[in-house]
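Ready for a few short exercises? Have a go at each one yourself before reading the solution.

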Amino acid sequence: MDEVIKILEEVKPGVDYRAEKNLFEGHILASLEIIMLVSALNDEFDIKITLPYIKPENFQSAETIYAMVQKVMEEE
């Protein structure tokens with residue numbers, strides 16, 4: 001989880017990612033930042049987040065992002 005928060009802070013600093021629960025729908029993360037985040041997650045965790053995972057509910061909070069990463073890791 002700490003790795004996900006570190007990546008989020010690199011992609012878009014200045015957000016309390018431990019408390020924020022509406023990153024995507026709250027327009028805290030824009031589309032370009034989601035793309036940057038997916039690329040950084042792929043590199044950090046040596047995974048490939050594919051299109052079926054790139055949906056708003058997976059990017060609402062650090063927790064939902066972490067859960068998505070865990071699911072992708074389990075499936076690989």
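Below are four exercises on this predicted model, each with a worked solution.

**Exercise 1. Check whether the length of helix 2 agrees with its expected span.**

Start with the count: helix 2 has 15 residues. The expected span uses 1.5 Å times one less than that number, so the helix should cover 21 Å. Now grab the end C-alpha atoms: they sit 21 Å apart, which agrees. Step just past the helix and you'll meet D46, with a positive phi of about 50°.

**Exercise 2. Work out which residues of helix 2 are buried, and what covers them.**

Buried means under 20% relative accessible area. Going along the helix, that picks out E33, I34, L37, V38, L41, N42 and F45. Their cover includes helix 1 (2-11) and helix 3. M36 also belongs to helix 2, but with 40% relative accessibility it counts as partly exposed. Together with L32 and I35, M36 makes a nonpolar surface patch of about 320 Å² accessible area.

Next, look inside. The largest nonpolar core holds 24 residues, and L37 and L41 are among those with the most contacts within it, along with L8, I49, I65 and M68. Helix 1, helix 2 and helix 3 each put in at least two residues of this core. Pick I49 and list its touching residues, skipping those up to four places away in sequence: V38, L41, N42, I54, M68 and V72.

**Exercise 3. Decide whether Q60 is buried or exposed, and find what it touches.**

First, place it: Q60 is in the loop between helix 2 (31-45) and helix 3 (62-75). Its relative accessibility is 11%, so Q60 counts as buried. Leaving out residues up to four places away in sequence, the contacts of Q60 are E20, K21, N22, L23, F24 and E25.

**Exercise 4. Count the salt bridges and say which parts of the chain they link.**

The cut-off is 4 Å between a Lys or Arg side-chain nitrogen and an Asp or Glu carboxyl oxygen, and the count comes to three.

- R18 meets D2 at 2.7 Å, N to O. R18 is in the loop between helix 1 and helix 2 while D2 is in helix 1, 16 residues apart. Both are exposed.
- K21 pairs with E63 at 3.0 Å. K21 lies in the loop between helix 1 and helix 2 and E63 in helix 3, so this bridge ties together parts 42 residues apart in sequence. K21 is partly exposed at 48%, and E63 is partly exposed at 33%.
- E57 pairs with K55 at 3.8 Å. E57 is partly exposed at 46%, and K55 is partly exposed at 35%.

Conventions. Residues are numbered from 1 along each chain as its sequence is written. This is a predicted model: local features need pLDDT of at least 70, side-chain atom pairs count only at pLDDT 80 or more; totals for chains, interfaces and linings use all residues. Side-chain values use heavy atoms; hydrogens and water are left out. Helices (H or I, at least four residues) and strands (E, at least two) are DSSP runs, numbered from the N terminus. Buried means under 20% relative accessible area, exposed over 50%, partly exposed in between (1.4 Å probe, protein chains only). Contact means heavy atoms within 4.5 Å. Patches are made of residues with over 30% relative accessible area and no salt bridge: like charges are joined within 9 Å, nonpolar side chains (Val, Leu, Ile, Met, Phe, Trp, Tyr) within 5 Å. Accessible areas come from the Shrake-Rupley method with a 1.4 Å probe; for residues, only the protein chains shown count as cover. A nonpolar core is a set of buried Ala, Val, Leu, Ile, Met, Phe, Trp, Tyr and Cys residues joined through side-chain atoms within 4.5 Å.
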